[in-house]
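Reader: I have a structure open and want to learn how its labels are earned. Can we go through some of them?

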Amino acid sequence: MAKVRVLVAKPGLDGHDRGAKVVARALRDAGFEVIYTGLRQTPEQIAEAALQEDVDVVAMSILSGAHPHLFPKVVNLIREKGMDDVLIIGGGVIPETDIPALKEAGIAEVFTPGTPTGDIVDFIKANVK
Amino acid sequence: MDIVEELLKGNRLALSRAITAIENEYDEAMDIMKKLYPHTGHAFVLGITGPPGAGKSTLTDKLARAYRAQGKTVGIIAIDPTSPFTGGAILGDRIRMNGLTMDEGVFIRSMGTRGSLGGLSHKTADAVKAMDAFGKDIIFVETVGVGQSEVDIVKAADTTMVVLIPGMGDDIQAIKAGILEIGDVFTINKADHDGADKLVREMNMMLDLDGLMTDWRPPIQKVIASQNEGITETIENIEKHFKYISENGILTKRRTERSKNEMLDVLHSNIGSYITNKLVETGKMDEYVEQIKARETDPYTVVSNVMKDMLK
Amino acid sequence: MSNEKIQAGLEKYNASVEKATAKFPERPNLPEQRLYTPLDIKDTDYADEIGFPGMYPYTRGVQPTMYRGRFWTMRMYAGFSTAAESNKRYRYLIESGATGLSCAFDLPTQIGYDSDDPISEGEVGKVGVAIDSLADMEVLFDQIDLGKVSTSMTINAPASVLLAMYIAVAEKQGVPADQLKGTIQNDILKEYAARGTYIFPPRPSMRLITNIFEYCSKNVPKWNTISISGYHIREAGSTASQEIAFTIADGIAYCEAAIKAGLHIDDFAGRLSFFWNAHNNVLEEVAKFRASRRVWAKVMKERFHAEKPKSMMLRVHTQTAGSMLTAQQPNNNIVRVALQTAAAVMGGTQSLHTNSRDEALALPTEESVMIALRTQQIVAYESGLADVIDPLAGSYYVEALTNKIEKEAWEYIKKIDEIGGAVAAIEKGYIQKEIQDSAYKWQMDVESGAKTIVGVNKFQIEEEPPKGLLKVDASVGVAQCKRLAEMKAKRDNDAVKAALADLKKACQDENENLMPHILNAVRTYATLGEICGVMREVFGEYEAHVNL
């Protein structure tokens with residue numbers, strides 16, 4: 001009886017966790033097991049938590065503009081640990097123009113403000129390995 | 001990746017994958033457990049239970065740090081309830097132990113109850129074994145509440161600590177009644193809140209009246225986990241209890257009992273699924289159900305016949 | 001007309017509505033009550049509950065003439081990149097007619113880390129200006145006369161340090177501290193509950209806050225020592241009633257802490273200010289502002305027995321709701337902000353920041369900031385909304401809504417009192433949980449269509465990605481670290497060491513006011529990270545309570 005496990009994480013220093021918490025609840029209500037790490041997580045902490053929890057998905061939220069630096073760093077650390085099949089997604093205040101580079105870096109999808117939580121659930125269901 | 005080989009070499013991802021196999025009841029889980037079993041039996045297992053909001057995770061965090069300071073390696077299994085309606089869960093214990101994430105000597109794994117009561121205790125016990133084989137010196141098993149499922153889970157522990165807090169109102173009466181037997185060590189967390197001394201008095205009284213009392217009188221320690229107060233004393237209590245059960249043969253007895261239960265668990269679940277699968281495959285399942293529904297036969301007769309057929 | 005006659009009329013009306021709605025049903029998801037009449041406010045005593053502007057209970061505003069004397073302070077929150085860049089933006093705003101400054105600091109500054117700390121990586125200069133030491137603060141206010149401008153600083157956990165830096169810059173400009181005007185946010189409780197830039201646990205944090213109250217009442221008397229903020233609670237997803245209830249509960253906690261530290265209510269209460277959100281529902285917001293003033297006045301008079309009128313006045317800065325800006329069709333945000341501005345003005349705010357249309361996407365460009373400032377100016381000069389005091393008073397609906405929000409606020413305050421006050425309620429996660437539940441409900445309402453957001457769940461279009469967004473270059477962090485290293489090489493490091501050792505000792509003595517010690521350290525060019533590091537060592541760090 002496998003269940004989709006998702007790590008919801010806030011890398012960086014911003015304290016705006018409304019979105020992350022709403023998403024965490026919506027994912028739970030969609031039947032996933034959600035591990036929420038709370039604020040101010042370093043990329044190293046997120047990657048290590050993803051490993052210990054053996055999650056299928058890592059979902060990150062950043063509203064401070066630090067995403068070009070932090071998102072790719074998390075991807076690299078997770079891949080370095082040998083977790084090649086973890087689906088990594090991101091969200092927050094992210095300008096459209098930044099998205100291609102983030103995808104290039106291994107972020108599977110970027111969800112910007114106004115995204116219905118249902119879209120995130122559907123994306124995970126369709127893409128989780 | 002050969003999970004067993006890598007796990008025994010100290011690969012954390014292998015440990016993580018082994019626990020996933022156990023949790024998800026993958027076919028290879030049985031095989032993994034067979035190979036890991038010879039490497040188990042070294043870890044000390046501490047069960048931590050108590051009502052929601054008692055601060056168990058914070059306490060676990062502080063205890064783990066104290067054990068780390070002694071140079072011991074730590075495994076933590078934190079269990080949270082799965083929603084019976086959606087099947088989802090928020091596994092929220094880890095957030096109170098974030099400071100341990102980057103410590104290579106600590107491995108934390110969150111698990112949801114996933115609605116399977118008997119199955120959960122069996123899975124937890126196996127996850128403990130995986131951590132034991134990995135080489136953890138101390139393994140914490142933290143669960144919410146003190147219902148029957150939790151009692152089953154803490155049976156996997158050598159020492160069980162019950163955490164309570166003051167100001168829980170009437171709920172405490174019911175809770176207290178259920179925990180006297182399972183608590184080897186009691187901790188009153190948030191002891192700076194009103195009513196802590198009263199709770200200690202009540203607990204003492206209940207323990208004094210308890211007819212089940214053995215030579216071991218469970219100690220009650222006041223703690224303020226968030227401020228690291230009372231942690232040293234709590235560890236002393238845990239160690240005293242461990243010493244007591246080791247010296248009195250209770251530990252051996254508990255572990256023997258546990259081995260027996262484990263074997264029976266595996267036996268029941270395997271025989272159960274073997275028979276169920278057979279019934280489904282042959283189409284007999286539906287046939288029997290229809291007959292029972294129509295009152296042509298009854299469940300007891302069916303089972304007797306199935307057993308006669310299959311377990312010759 | 002007597003109430004009986006009105007009642008009879010209402011019944012007749014309701015009967016007619018029943019017929020009409022049988023044929024033509026109303027739109028779904030509307031508030032239950034469709035019409036308000038004198039019956040809805042028949043128990044409201046005008047003299048006791050509504051009264052007059054500048055008079056208890058201040059429902060109609062805290063000043064006797066309100067905007068007929070002068071408009072609210074048009075204060076644009078700004079700051080990004082380096083101190084030099086932000087200084088340019090401040091001077092541009094002052095030239096454009098902004099009447100107050102509002103400093104945004106980057107996250108490392110807000111959490112007490114220097115730009116060269118590993119944890120600051122990627123964040124330097126992003127959401128505000130990076131300040132590492134007095135040297136940066138000198139550049140930030142270069143050619144800005146601190147004797148004339150009033151400056152609001154959005155800084156909380158390390159507020160004492162930034163205030164000390166501001167005082168030290170003024171000293172260098174030759175402006176004495178008692179001439180300084182401005183505000184520090186300094187509201188740690190809402191950081192725990194909603195905004196997340198906390199450092200220390202509640203107890204030492206409350207001590208720092210009361211230290212500031214005490215120090216400023218003697219040395220910086222025109223300074224607003226705290227801006228008790230509902231803004232971020234609302235941004236985190238609360239309702240209007242929760243916004244004012246949780247914030248006033250925080251205010252009560254600060255007053256209690258200050259009184260416990262030996263201050264008299266009338267010595268500090270006049271310097272307390274508030275910070276509200278101007279959200280989308282115009283009339284609800286107006287009612288919220290009015291209710292909040294009434295609740296606070298009653299709290300101060302009845303609970304704390306304040307005597308000075310100033311102590312009972314809820315003076316408020318307002319910002320339009322950032323979370324209501326949409327990334328979709330960003331120009332629509334101009335209209336949202338205009339309506340929110342109207343609400344804040346009809347609600348009687350003392351100062352206002354208007355958000356820019358592009359802030360759901362990035363930091364605002366200069367052009368967008370100009371539109372946002374112009375929005376305030378149009379409302380002030382053209383709309384007529386500022387010509388008459390509290391123009392919506394007497395509206396059956398607005399008065400009834402004011403009463404309703406007040407009632408809900410009292411219920412929450414009572415509940416929080418029962419838990420043991422705001423600090424305990426936050427430590428138990430009660431306030432956070434209430435906010436999260438409201439946020440989740442809002443999101444589900446938007447997703448089900450019960451709530452419509454134009455461009456998001458209705459009237460969507462295919463859009464080209466917006467162009468010309470402001471980007472803070474990653475090189476800012478590198479440059480700032482270099483500046484910091486150069487500064488450290490130049491300063492008298494022995495003096496820094498001595499000042500930090502002195503601060504540490506002061507931290508360990510609970511009866512010592514930390515402000516003079518912090519000021520002393522700041523003057524030696526000790527960095528923010530060094531000063532907060534000493535306090536972290538003594539005070540420890542807060543561990544968040546999350547209960548999803």
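Reader: Which exposed residues does the face of helix 20 of chain C turned away from its buried side carry?

Author: This is a predicted model. That face carries C:Asp494, C:Ala501 and C:Gln508. A residue is exposed if 12 or fewer other C-beta atoms lie within 10 Å of its own.

Reader: What makes residues of helix 20 of chain C buried, and which ones are they?

Author: The cut-off is 20 or more other C-beta atoms within 10 Å. C:Ala499, C:Leu500, C:Leu503, C:Ala506 and C:Cys507 are buried.

Reader: Why do the buried residues line one face of helix 20 of chain C?

Author: Look down the helix axis. The buried residues of helix 20 of chain C fall within an arc of 120 degrees, so they line one face. An α-helix has 3.6 residues a turn, so residues three or four places apart point the same way.

Reader: What do the buried residues of helix 20 of chain C pack against?

Author: They pack against helix 21 (515–523) and helix 22 (528–539) of chain C.

Reader: How do the helices and strands of chain A run from the N terminus on?

Author: The order is β-α-β-α-β-α-β-α-β-α. That comes to five helices and five strands.

Reader: Why is chain A called as compact as a globular protein of its length?

Author: Set the value against the rule. The radius of gyration of chain A is 13 Å, and the globule rule gives 14 Å for 129 residues. The two are close, so chain A is as compact as a globular protein of that length.

Reader: How much of chain A counts as buried?

Author: Of its 129 residues, 64% do.

Note on methods:
Residues are numbered from 1 along each chain as its sequence is written. Chains are lettered from A and ligands numbered from 1 in the order in which they are written. This is a predicted model: local features need pLDDT of at least 70, side-chain atom pairs count only at pLDDT 80 or more; totals for chains, interfaces and linings use all residues. Helices (H or I, at least four residues) and strands (E, at least two) are DSSP runs, numbered from the N terminus. The arc is that of the directions from the helix axis to the C-beta atoms. Two residues are in contact if their C-beta atoms, placed from the backbone, lie within 7 Å. The radius of gyration is taken over C-alpha atoms; the globule rule is 2.2 Å times the number of residues to the power 0.38.
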